Amino acid sequence: MIHYDFANVVPMRLPPLNAIRAFEAVCRHGSILKAAEELNVVRGAVRQQIDTLENHFGRKLFTRDGRRLVPTLQAIAFAAAASAAFDILQRAASELEGAVPGRIRLGVPSAFAVWWLMPRAADMQACLGDTVDILPMTTVEPLQMRPELDAVIMGGEYRPAAGITALRFMEDEFGPVATPSLAATLSSEPAAMSALTMLISRSVPKLWDEWFAESGTPAVVFSRAREFEDLLLALAAARSGLGIALAPRASIEDDLQRGHLVAPYGFISRPSGYSLCCRSPDAKRPAFAALAAWLLRCGMPA
């Protein structure tokens with residue numbers, strides 16, 4: 001049997017909590033002045049805390065870019081961990097005090113927020129009251145990567161991490177879409193899309209690859225391609241006639257009904273649809289249960 005001598009284990013010395021708090025604020029703001037204003041202290045106090053932290057680690061944590069303080073790569077990683085840790089502590093303190101958050105900070109993919117959720121916002125408010133803050137996400141990230149959020153809506157293939165509860169509330173389809181005039185130039189074979197400009201969203205860069213694979217369509221070699229920061233911009237470009245985009249149907253249902261966009265090769269079902277993801281302890285709270293019930297009621301069948 002192996003015996004452990006815990007009496008001789010030397011605990012790791014952590015830096016002071018106030019120093020970490022000041023450091024995390026400076027990283028977010030890139031400014032000692034703005035960090036001091038947030039923490040309600042003078043600038044000298046923030047500088048002193050940064051000095052304390054740098055002395056603790058024995059290295060510089062920032063470089064200067066003009067007037068802006070830029071954290072080093074190691075400092076960026078530590079700041080992200082510190083931010084997540086503070087969020088966990090805040091939640092734990094609230095639970096210990098018996099406080100239940102009054103509002104839900106809901107992260108939503110930008111295109112989904114604009115074209116599906118916002119047209120239903122009045123109904124959401126009528127059913128749930130003023131309890132949900134909708135925060136569009138240009139880059140969709142799992143909840144464990146966004147400690148400042150209470151819940152997120154994830155689309156496509158998604159496997160929730162430990163401690164995360166995911167409720168699939170809506171199926172979806174996806175396919176290539178273009179204006180009716182551009183679609184009229186295509187034949188019945190998807191290879192004809194090669195003459196058009198391929199519109200790509202950096203926020204979902206594999207969407208085209210997924211459609212080719214799941215529809216059994218041979219990959220098309222487009223003559224031109226244009227990239228956009230997020231799906232919302234790529235769909236706006238498609239709506240303007242700049243090319244053909246790959247879109248989840250939920251994000252363009254209104255455009256299809258109005259005839260602004262058409263799907264020349266139809267849609268195929270996505271593997272996972274859309275899921276509401278929250279931390280497992282939150283899933284049992286009335287506000288989250290009410291949000292989940294509303295989403296299930298409004299979710300469109302594929």
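**Strand pairing, helix packing and aromatic contacts**

In the predicted model, strand E3 (residues 104–109) runs parallel to strand E5 and is joined to E5 by two bridges. In this pairing, Leu 106 of E3 lies opposite Ala 151 of E5. Strand E5 also pairs with strand E12 (residues 274–279), here in the antiparallel sense and over five bridges. Within that pairing, Gly 155 of E5 faces Tyr 274 of E12. Strands of a sheet pair through backbone hydrogen bonds, in either a parallel or an antiparallel arrangement. Strand E5 covers residues 151–155, and four of these five residues are buried, so the strand is largely enclosed by the rest of the structure.

These pairings belong to an open sheet of five strands, in the order E4-E3-E5-E12-E6, with mixed pairing. The edges are formed by strand E4 (132–137) and strand E6 (164–170); each has a single partner strand, so one side of each is left without a neighbour in the sheet. On average, and with direction ignored, neighbouring strands of the sheet are turned by 25° against each other. Helix H5 (residues 110–117) packs on this sheet and touches E3, E4, E5, E6 and E12. The direction of H5 makes about 100° with that of E3.

The sheet and helix H5 are part of a protein with eleven helices and twelve strands. Of its 302 residues, 42% count as buried. Among contacts with a separation of 6 or more, 76% are between residues 24 or more positions apart.

Two helix pairs were examined. Packed helices are described by the angle between their axes and by the distance between the axes. For helix H5 and helix H9 (residues 231–239), the axes come within 7 Å and cross at roughly 60°. The two helices are therefore oblique to each other. On the H5 side, the contact is made by Ser 110, Ala 111, Val 114 and Trp 115, and on the H9 side by Leu 231, Leu 232, Leu 235 and Arg 239. By class, the residues of this contact divide into six nonpolar, one polar and one charged.

The second pair consists of helix H2 (residues 32–39) and helix H3 (residues 43–57), whose axes come within 8 Å and cross at roughly 105°. This angle makes H2 roughly perpendicular to H3. The contact brings Ile 32, Leu 33, Ala 35 and Ala 36 of H2 against Arg 43, Val 46 and Arg 47 of H3. The contact of H2 with H3 has five nonpolar and two charged residues, and no polar ones. The loop between H2 and H3 contains Asn 40. Most residues other than glycine have a negative phi. Asn 40, in contrast, has a positive phi, near 60°. With a relative accessibility of 70%, Asn 40 counts as exposed.

Aromatic side chains were considered next. A pair of aromatic rings is described by the distance of the centres and the angle of the planes. The count comes to twelve aromatic pairs. One of these pairs is edge-to-face and consists of Phe 57 and Phe 78, with 5.3 Å centre to centre and 75° between the planes. The pair links distant parts of the chain, since Phe 57 lies in helix H3 and Phe 78 in helix H4 (residues 73–96), 21 residues apart. Both rings belong to partly exposed residues: the relative accessibility is 34% for Phe 57 and 26% for Phe 78.

A further edge-to-face pair is formed by Phe 112 and Phe 169, at 6.5 Å centre to centre and with 70° between the planes. This pair also links distant parts of the chain: Phe 112 is in helix H5 and Phe 169 in strand E6, 57 residues apart. Both Phe 112 and Phe 169 are buried. Phe 112 and Phe 169 are members of one aromatic cluster together with Trp 116, Tyr 274 and Trp 294. Tyr 274 of this cluster is the E12 residue that stands opposite Gly 155 of E5.

Technical notes
Residues are numbered from 1 along each chain as its sequence is written. This is a predicted model: local features need pLDDT of at least 70, side-chain atom pairs count only at pLDDT 80 or more; totals for chains, interfaces and linings use all residues. Side-chain values use heavy atoms; hydrogens and water are left out. Buried means under 20% relative accessible area, exposed over 50%, partly exposed in between (1.4 Å probe, protein chains only). Helices (H or I, at least four residues) and strands (E, at least two) are DSSP runs, numbered from the N terminus. Two strands pair if DSSP finds at least two bridges between them. Axes are lines fitted to C-alpha atoms, for helices over the stretch in contact, and angles run from 0 to 180 degrees between N-to-C directions. Angles under 35 degrees count as roughly parallel, over 145 as roughly antiparallel, 65 to 115 as roughly perpendicular and the rest as oblique. Contact means heavy atoms within 4.5 Å. Ala, Val, Leu, Ile, Met, Phe, Trp, Tyr, Cys and Pro count as nonpolar, Asp, Glu, Lys and Arg as charged, and the others, Gly among them, as polar. Rings of Phe, Tyr and Trp (its six-membered ring) pair if their centres lie within 6.5 Å; planes under 30 degrees apart count as stacked, over 60 as edge-to-face and the rest as tilted.
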